Amino acid sequence: MSALPLFRRALADSWRGLLGWGLGLAAVVGLYLPLYPSIGGNPEFLAIIESLPPELVTALSYDQITTGSGYTLGTVYGLLGFVLLTIAAVAWGASAIAGDEERGTLELTLAHGVSRHQIVLERLAAIIVKLVVLAAWVTLLVSAVNGPSELDLSTAGILAGGVALLGTGLLTATIGLAAGAVTGRRMIAIGTGAGVAVLGYALNALGNQNADLEWLHAASPYHWAYGVNPLEAGLEPSVWLLYAVAAVASVVAVLAFRRRDVGV
Amino acid sequence: MTPAIDISALTKRYGRTTALHGVDLAVEPGRVFGVIGPNGAGKTTTMRILLDIIRPTSGTVRVLGEDPRHAGPALRRRIGYLPGELAMDARLSARALLTHYAQLNGSRDTARIETLSERLGLDLSRPVRSLSKGNKQKVGLVQALSHSPDLLVLDEPTSGLDPLVQQEFLRLVREARNAGQTVFLSSHVISEIEQVADEVAVLRDGRIVDVSTVERLRAAALRDIRVTVPATSGAALARRLEQLDAAQDVAVTVDAGREIVSARLRDGIPALLAALAETEVLDLVVQEPDLERAVLQFYGAGSATAEEVPA
């Protein structure tokens, strides 16, 4: 078997990392969701929430925290799970081209019988597979704790949450990949990918504050994913915006990497 | 016959620095072509352009009759490349990495990987990242040679290799030439170019200073001689040597009752013997012509205007 050698190499090189991120996400799901029965309906906890500044509560989306779907979004999909998946996605996207190039190892790969777009696409495919695995893993874990933790999530809601989470990962991974393909600098790639994620989160939080700032939501990938809670409402059309931008960033990555000098 | 490498008016600029100023070069198939020059002369830049790792600013490049910019992976499968700055940090074993590169070239022949590694003394089972610089260099050589490419582009191939392995490498280069492969190699160690190259280009500051055969370079080179004679006959010998063609640095030193006359001469061995015939010679050392110094004369010319150029 010698089809897609770069894709297989990329997967084989990163299974350890994938395992680590899988464990991290399992810890987030396993530590937070079982606490819901003792928090969600707990009057003391609600009193704490009410004592917080309302701006903070809306920024963290804790205004929905008393429902199972709101709690799951506020802890896993919209917060720690989102953070972990974003870090993994940005790191993978940035290392696929820019990291390899800075280490000096990309030059030798390019000297063999591969094309520039083949390198970008096969490595992108490996990143997609890994992100799908992680999103599916979260979906599986949340389904497993849904009953015992009394979250009362619908299957459609859990699946929609997984699709939204995957979309945020794909978006930041491809933007990191594209920034690396354009510049060849790993730190720029990481900064761009992480910057988009942080900015998206910030725009969403600001837009939540009052009606005058709501227009900021339109520019927030975070809001495209979670502005309407997918765990509650199912799949919203705005989620597909994440996938569309990811597709555009992938095309940019291929075109940019085809035309420039490598390793200078 | 189509040249294996045909470069004309090749220019490469990075921003405001110019790495190559209109290089012209043709390498006939089945030849070993050496490029020598100091660091930053443009050797690596030229090689990277042949592999389409970087793109020329202007000029035309043909490798095995095709333009590397547009020929795609099929052309690179016919080239074996060893980068000058070889970076390898893979966790996987040398065997797995070399098999991976073979797959990129669509080659299933792993027997040659084993043979080459054995000849160079490379342990294929060890993780690449744990290998010494010399052993990494062997991995680099094996990946360049293992698919028996039509053209070998080797940037500083013997760097980090111990002398015995260097000799084995030079044998591999000769075998490649005998098999009809073309070898384009760079070095700043002139002796290795001298041992294998049919032709030599001297590159300095992004320009070809000279293209020559090794014989012609050698003819232009000077050789050091040292003659030990009895006391009091040194001065007379020194005078005779000074009259020889292109004699330099003639000097007499006294050592334990004898005199040692040293000089630097351009070939002319018959003339030297004639000069020595009139003296009693106690000891005589004649060194190989110093190609390095011959080439340094090319570097030296105009070095006052030399500019810093990235490699």
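In the predicted model, Ser14(A) lies in the loop that links H1 and helix H2 (15-32) of chain A. Ser14(A) has 19 C-beta neighbours inside 10 Å and therefore counts as partly exposed, since a buried residue needs 20 or more. Along the sequence, Ser14(A) and Lys130(A) are 116 residues apart, yet their C-alpha atoms are 9.1 Å apart in space.

On one side of this loop in the sequence is H1(A), where Pro5(A), Leu6(A), Arg9(A) and Ala10(A) are buried. These residues are on the same side of H1(A) because they cover an arc of only 130 degrees around the axis. The cover over the buried residues of H1(A) includes helix H8 (116-146) of chain A and helix H4 (94-104) of chain B. Elements of both chains thus appear in the surroundings of H1(A).

The contact between the two chains is considered next. Chain A contributes 18 residues and chain B contributes 21 residues. On the side of chain A that touches chain B, helix H1 (5-13) and helix H7 (106-110) each supply at least two residues. H7(A) gives the most to this side, with three residues. Sorted by class, the side of chain A that touches chain B consists of seven nonpolar, seven polar and four charged residues.

Within chain A, H2(A) packs against helix H6 (residues 68-103). Two packed helices are described by the angle between their axes and the distance between the axes. For H2(A) and H6(A), the angle is about 170 degrees and the axes are 10 Å apart. An angle over 145 degrees counts as roughly antiparallel, and H2(A) and H6(A) are therefore roughly antiparallel to each other. From H2(A), the residues making the contact are Trp21(A), Gly24(A), Leu25(A), Val28(A), Val29(A) and Tyr32(A). From H6(A), they are Thr75(A), Val76(A), Leu80(A), Gly81(A), Leu84(A) and Ala88(A). By class, the contact of H2(A) with H6(A) has nine nonpolar and three polar residues, and no charged residues.

In chain B, strand E3 (residues 32-36) has five of its five residues buried, so E3(B) is largely enclosed by the rest of the structure. The buried residues of E3(B) point in two directions: Val32(B), Gly34(B) and Ile36(B) point one way, and Phe33(B) and Val35(B) point the other way. E3(B) runs parallel to strand E7 (residues 182-187) of chain B, and five bridges join the two strands. Within this pairing, Val35(B) has Ser186(B) of E7(B) as its bridge partner. E3(B) also pairs in the parallel sense with strand E8 (residues 199-204) of chain B, over four bridges. Here the bridge partner of Phe33(B) is Glu199(B) in E8(B).

Chain B also contains an open sheet of three strands in the order E2-E1-E4, with antiparallel pairing. Strand E2 (17-27) and strand E4 (58-63) of chain B are the edge strands, and each pairs on one side only. From one strand to the next, the twist averages 20 degrees. Strand E1 (residues 5-14) of chain B and E4(B) run antiparallel and are joined by five bridges. Asp6(B) stands opposite Arg62(B) in E4(B).

Technical notes. Residues are numbered from 1 along each chain as its sequence is written. Chains are lettered from A and ligands numbered from 1 in the order in which they are written. This is a predicted model: local features need pLDDT of at least 70, side-chain atom pairs count only at pLDDT 80 or more; totals for chains, interfaces and linings use all residues. Two residues are in contact if their C-beta atoms, placed from the backbone, lie within 7 Å. Ala, Val, Leu, Ile, Met, Phe, Trp, Tyr, Cys and Pro count as nonpolar, Asp, Glu, Lys and Arg as charged, and the others, Gly among them, as polar. A residue is buried if 20 or more other C-beta atoms lie within 10 Å of its own, exposed if 12 or fewer, and partly exposed in between; C-beta atoms are placed from the backbone. The arc is that of the directions from the helix axis to the C-beta atoms. Axes are lines fitted to C-alpha atoms, for helices over the stretch in contact, and angles run from 0 to 180 degrees between N-to-C directions. Angles under 35 degrees count as roughly parallel, over 145 as roughly antiparallel, 65 to 115 as roughly perpendicular and the rest as oblique. Two strands pair if DSSP finds at least two bridges between them.
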